[in-house]
Amino acid sequence: APVDNGKIFTQFSLFNTAQPTGKGGGDERIHGNLGFGLRKLSDDNTLMFGINNFYDVDLEHEHLRTSLGVEARSAVLEFTANWYEGLGEGYKDERVLDGSDFQLSSQVPYFHWASVFINKYEWKGELRDDTKGKKMGSEMMLTSNSNLELAFDDKDASGLDDEWYAKLQFFHPGKEGPTAQDGISDVAWKENRDMSGELLSKVKRQNKIMIEFKGTSTISRTD
């Protein structure tokens with residue numbers, strides 16, 4: 001819905017994931033996310049500010065979580081912050097973890113289709129130490145319909161290994177803007193600074209519900 005120089009929006013996703021349980025295997029889980037948000041542009045459309053509220057559910061075991069997020073973005077720099085809180089009493093020996101994450105991203109000079117980011121996260125353990133860490137990596141628009149994320153996840157928690165990961169995403173319809181097919185630009189920063197085309201772009205947050213398991217050992221997973 002339109003508002004004065006901005007938009008009210010909704011975002012929905014549904015996906016399945018293998019949830020490690022710490023018992024020599026894992027469960028197949030289906031997670032759903034429903035969010036509502038407001039985004040506003042500056043007078044010259046070069047800055048975008050937003051606030052959002054999401055509700056997450058594990059459809060298999062009825063885990064519930066809510067989150068509050070804020071964002072400030074331009075064509076070359078962006079900052080996002082999210083705070084997560086579990087709802088309810090959990091399921092058997094499982095508990096939803098409260099937590100937070102903060103991400104700062106910047107366009108790579110002369111590569112208008114690439115950005116670098118650092119993401120710091122923390123999940124508050126109930127039966128073991130908190131799980132903290134940071135991700136450092138890059139996002140690259142390969143084509144108007146595909147995006148590649150490469151990053152190193154430095155986990156500051158016993159029992160969890162640091163790791164490199166790659167995430168390839170496809171969209172339809174495609175996104176406007178520079179892609180890897182444009183190569184290296186003659187100018188360092190994007191010349192098109194208008195953010196009006198980003199009012200309905202996807203919110204950056206952790207859609208997967210973080211779970212703590214109780215058993216012979218207690219394991220919190222962040223991947």
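The protein has 14 strands and 0 helices in this predicted model. Along the sequence, the elements follow the pattern β-β-β-β-β-β-β-β-β-β-β-β-β-β. The protein comprises 223 residues, of which 41% count as buried. Among contacts with a separation of 6 or more, 53% are accounted for by residues 24 or more positions apart. The exposed area of the protein is about 12,300 Å², and 55% of this area is supplied by carbon and sulfur atoms.

Three of the strands are described here through their pairing. Strand S6 covers residues 77–87 and strand S8 covers residues 98–108. S6 and S8 are antiparallel and are paired over 8 bridges. One of the pairs across these strands involves Asn82, whose bridge partner in S8 is Asp101. S8 also pairs with strand S9, which spans residues 111–124; the two run antiparallel and are joined by 11 bridges. Within this pairing, Leu104 stands opposite Ile118 in S9. S8 and S9 form a hairpin with 2 residues between them. In the turn, Tyr110 has a positive phi of about 75°.

A nonpolar patch is present on the surface, formed by Ile8, Leu38, Ile51, Leu68, Leu77, Phe79, Trp83, Phe102, Leu104, Ile118 and Met136. Together these residues have about 910 Å² of accessible area. S6 and S8 each supply at least two residues of the patch, and S6 gives the most, with 3 residues. Leu104 and Ile118, which stand opposite each other in the S8 and S9 pairing, are both among the patch residues.

Two residues of S6 were examined individually. Leu77 is located in strand S6 and belongs to the nonpolar patch. The relative accessible area of Leu77 is 44%, so this residue is classed as partly exposed. Asn82 also lies in strand S6. Asn82 counts as buried because its relative accessibility is 2%, which is under the 20% limit for that class. In a regular strand, side chains alternate between the two faces of the sheet.

The surroundings of Asn82 include residues from several parts of the sequence. Leaving aside residues up to four places away in sequence, Asn82 touches Asn52, Leu68, Gly69, Gly99, Ser100, Asp101, Lys204 and Arg205. Among these, Asp101 is the bridge partner of Asn82 in S8, and Leu68 is one of the residues of the nonpolar patch. For Lys204, the backbone oxygen lies 3.1 Å from a polar atom of the Asn82 side chain.

Conventions. Residues numbered from 1 in each chain as written. Predicted model: local features only at pLDDT ≥ 70, side-chain atom pairs only at ≥ 80, totals over all residues. Heavy atoms only, no water. Patch = residues over 30% accessible without salt bridge, like charges linked within 9 Å, V, L, I, M, F, W, Y side chains within 5 Å. Areas by Shrake-Rupley, 256 points an atom, 1.4 Å probe, with all protein chains shown as cover. Salt bridge = Lys/Arg side-chain N within 4 Å of Asp/Glu carboxyl O. Helix = DSSP H or I, 4+ residues; strand = E, 2+ residues; numbered from the N terminus. Buried < 20%, exposed > 50% of the residue type's maximum accessible area, 1.4 Å probe, protein only. Pairing = 2+ DSSP bridges. Contact = heavy atoms within 4.5 Å. Polar contact = N/O pair within 3.5 Å; in protein donor to acceptor, adjacent residues only side chain to side chain.
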